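Here are my notes on this one, written as numbered points so you can scroll through them with the viewer open. Shout if anything reads oddly.

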Amino acid sequence: MANHLFKKPGFLLLLLVLLAACGSTQSVESEATAVSGQPIRITISGAFALFPIVSLWTEQYSQLHPDITFDVQGGGAGKGMTDMLTGAADIAMLSRDARPEELEQGSFLLPVTIDAVVGTLSANNPYLAEIQARGITPAEANAIWITGEITTWGQLLSTDAPETINVYTRSDSAGAAEMWALYSLGAAQEDLIGTAVNADPGLAEAVRQDPLGVGYNNIGFSYDQATGTPLDGLQIIPFDLNGNGQIDPEEDFYGTRDELTAAIAAEIYPYPPARALYLVTKGEPSPAIADFYRWILTEGQAFIADAGYVSLPEARIQEALTLVEE
């Protein structure tokens, strides 16, 4: 995918909807079986959170190494892990911690960057100004997405507003959903209620079109890649971090993607729903994949900020490099 395509508003959403609809990953032509002198093909599957930056990384790396090609597909963290563990993909993109059963099957995790999940609502919400002025707390998020105790905008805003809050969540196994559930008082994705929508771009579009809807998305599907502001028709639900019923100046960092990523880097934005993102192989990576990993952790880090992600702390990058040292 050419770099200029990422800068066209709406292109990434359309692309990923089409990718999600494709469903299955083609069988892998594993680089481990490549004959010397022949091209190497590496297939990557998984989390939408990593899809934009991994697509950029693979494009840049292939320019430097024309003998290596990549097939990168979204589909959600769960699908990526299944594809990788069953041999349908060489690498999984993972936007959550690995589960015990995944580790038992030999998952080898490499942290590569940091991202976050944010609450979203329509820019046409009739109570947008009030929501952005007061934000929501973890307890309120729990009451909306977990227990269902808050069902109307009036309940949330302590007014007599009668309209129902239309809650949206993910239907596919997703790291974003797991991070959002963890923020809502330690729950799991299976505990989230609401209308279930497939994939990050699908959830963003459902909320964008519903003036009374609320959802959650990874940063890359909440902010426009070209402008760095929230996607047209979408707005961010701020977190009331100190619980005083209003968004104070130090909590107001959602206007642009750069403001938000700076708050994540400074650990002002909570972890979760911020988290490290991983690339995963079954067992230790092959030499070709290990070379790609080393490039990501060195030269590849130069692309992170412009793509809307947060770099790992230098100490963690060095730790990751030791995992794939020659």
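**Notes on the predicted model**

1. I'll start with a loop residue. Ala199 sits in the loop between strand 6 (195–197) and helix 10 (200–208). Its phi is near 75°, a positive value in a residue other than glycine. Ala199 is also buried, because its relative accessible area is 2%. Bear in mind throughout that this is a predicted model.

2. Ser158 makes a good companion to look at. Ser158 has a positive phi of about 60°, and it isn't a glycine either. It belongs to the loop between helix 8 and strand 5. Is Ser158 buried or exposed? With 67% relative accessibility, Ser158 counts as exposed, whereas Ala199 is buried. As background for both, most residues other than glycine have a negative phi, and most peptide bonds are trans.

3. That brings me to the peptide bonds. The bond from Tyr271 to Pro272 is cis, with omega near -20°. The bond from Pro272 to Pro273 is cis as well, with omega near 15°. Pro272 lies in the loop between helix 11 (257–265) and strand 9, and Pro273 is placed in the loop between helix 11 and strand 9 too. Have a look at this stretch in your viewer.

4. Now the overall picture. The protein chain's secondary structure comes to 13 helices and 9 strands. Of its 326 residues, 59% count as buried. Take the contacts between residues at least 6 apart in sequence: 73% of them join residues at least 24 apart.

5. On to the core. Which residues touch the most other members of the largest nonpolar core? They are Trp145 and Tyr269, in a core of 102 residues. Strand 4 (residues 107–122) supplies the largest share of this core, with 9 residues. In general, nonpolar side chains tend to be buried together in soluble globular proteins.

6. Trp145 deserves its own point. Leaving aside residues up to four places away in sequence, Trp145 touches Ile136, Val167, Tyr168, Trp180, Asp191, Leu192, Ile193, Val214, Gly215 and Tyr216. Trp145 is one of the buried residues of helix 7, along with Glu140, Ala141, Asn142, Ala143 and Ile144. With 6 of its 8 residues buried, helix 7 is largely enclosed by the rest of the structure. What do those buried residues pack against? The partners are helix 6, helix 8 (153–157), strand 5 (166–170), helix 9 (175–183) and strand 7 (213–218).

7. Thr137 is in the loop between helix 6 (128–134) and helix 7 (138–145). Thr137 counts as buried because its relative accessibility is 18%, and the cut-off for buried is under 20%. Not counting residues up to four places away in sequence, Thr137 touches Tyr183, Asp240 and Gly243.

8. Next, a helix pair. The axes of helix 3 (residues 51–64) and helix 12 (residues 287–297) come within 11 Å and cross at roughly 110°. That angle makes helix 3 roughly perpendicular to helix 12, and helix 3 passes helix 12 in a right-handed crossing. On the helix 3 side, Trp57, Thr58, Gln60, Tyr61 and Leu64 meet Ala288, Asp291, Phe292, Trp295 and Ile296 in helix 12. The residues of this contact divide into 7 nonpolar, 2 polar and 1 charged.

9. Staying with helix 12, 9 of its 11 residues are buried, so helix 12 is largely enclosed by the rest of the structure. The buried residues of helix 12 are Ala288, Ile289, Ala290, Phe292, Tyr293, Arg294, Trp295, Ile296 and Leu297. Arg294 is worth picking out in the viewer, since it is on that buried list.

10. Last, Leu279, which lies in strand 9 (residues 274–282). Leu279 is buried, with a relative accessible area of 0%. Where does its chain position lead in space? The C-alpha atoms of Leu279 and Leu109 are separated by 5.9 Å, although the two are 170 residues apart along the chain. Setting aside residues up to four places away in sequence, Leu279 touches Leu50, Val54, Ile91, Ala92, Met93, Phe108, Leu109, Leu110, Val112, Tyr293 and Ile296. Tyr293 and Ile296 tie this back to point 9, as both are among the buried residues of helix 12.

Conventions: Residues numbered from 1 in each chain as written. Predicted model: local features only at pLDDT ≥ 70, side-chain atom pairs only at ≥ 80, totals over all residues. Heavy atoms only, no water. Axes fitted to C-alpha atoms, helices over the stretch in contact; angles between N-to-C directions. Helix = DSSP H or I, 4+ residues; strand = E, 2+ residues; numbered from the N terminus. Parallel < 35°, antiparallel > 145°, perpendicular 65-115°, else oblique. Left-handed = near helix turned anticlockwise from the far one by under 90°. Contact = heavy atoms within 4.5 Å. Nonpolar A, V, L, I, M, F, W, Y, C, P; charged D, E, K, R; others polar. Buried < 20%, exposed > 50% of the residue type's maximum accessible area, 1.4 Å probe, protein only. Core = buried A, V, L, I, M, F, W, Y, C linked by side-chain atoms within 4.5 Å.
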